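Grab a pencil and work through these exercises with the model open beside you. Each task comes with a solution that goes step by step.

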Amino acid sequence: MFNYSPLWKTMEQKGITQYQLIKEYKFSTGTLDSLRKNKSVTVNTLETLCILLDCTPNDILKIEKS
């Protein structure tokens, strides 16, 4: 199971809001909804977030056993 709770903490530390992801970085609301609901997203989305936040995948995603 995917858990994106580290993403929200990393975004807060970096001073990036969900609104900025949509307006400035052209993230779709559907992608953000998937992240909020801990659904799968593309590797491209993860790469974009890592580059944008200057972090590693471990800073935005945890995989948990269900």
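**Exercise 1.** Leaving aside its neighbours within four places in sequence, which residues is L7 in contact with?

*Solution.* First, some ground rules: this is a predicted model, where local features need pLDDT of at least 70, side-chain atom pairs count only at pLDDT 80 or more, and totals for chains, interfaces and linings use all residues. Residues are numbered from 1 along each chain as its sequence is written, and side-chain values use heavy atoms, with hydrogens and water left out.

Now look around L7, taking contact to mean heavy atoms within 4.5 Å. Once neighbours up to four places off are set aside, you find L35, L49, L53, D59 and I60.

Next, step back to the largest nonpolar core (a set of buried Ala, Val, Leu, Ile, Met, Phe, Trp, Tyr and Cys residues joined through side-chain atoms within 4.5 Å). It has 15 residues, and L7, L21, L49, L53 and I60 touch the most other members. Two or more residues each come from α1, α3 and α4, and α4 gives the largest share, four residues.

**Exercise 2.** Work out how the elements of the chain are ordered.

*Solution.* Start by counting: the chain has four helices and two strands. Helices (H or I, at least four residues) and strands (E, at least two) are DSSP runs, numbered from the N terminus. Reading from that end, the order is β-α-α-α-α-β.

Then check the overall size. The radius of gyration, taken over C-alpha atoms, is compared with a globule rule of 2.2 Å times the number of residues to the power 0.38. The chain comes out at 11 Å, close to the 11 Å the rule gives for 66 residues, so it is as compact as a globular protein of that length. Its C-alpha atoms fill a box of roughly 35 × 25 × 20 Å along the principal axes.

**Exercise 3.** Which residues of α4 are buried, and which are exposed on the other side?

*Solution.* Begin with the cut-offs: buried means under 20% relative accessible area, exposed over 50%, and partly exposed in between (1.4 Å probe, protein chains only). In α4, the buried ones are T45, L46, L49, C50 and L53. They fall within an arc of 135° seen down the axis, so they line one face of the helix; the arc is that of the directions from the helix axis to the C-beta atoms. Flip to the other side and V43, N44 and I51 are exposed. The cover over the buried residues includes α1, α2 and α3. Right after α4 comes D54, with a positive phi near 50°.

**Exercise 4.** Do the same for α3: find its buried residues and what they pack against.

*Solution.* In α3 (residues 29–36), T31, L32, S34 and L35 are buried. Their arc is only 155°, which puts them on the same side of α3. They pack against α1 (5–14), α2 (18–23) and α4 (43–53).

Zoom in on L35, whose relative accessible area is 0%. Beyond residues up to four places away, L35 touches Y4, L7, W8, V41 and L49.

**Exercise 5.** Find what the side chain of N3 makes a polar contact with.

*Solution.* N3 lies in strand β1 (residues 2–3) and is buried, at 13% relative accessible area. Among its contacts further off in sequence are N38 and I60. N38 follows α3 and has a positive phi, near 55°.

Note on methods
Polar contact = N/O pair within 3.5 Å; in protein donor to acceptor, adjacent residues only side chain to side chain.
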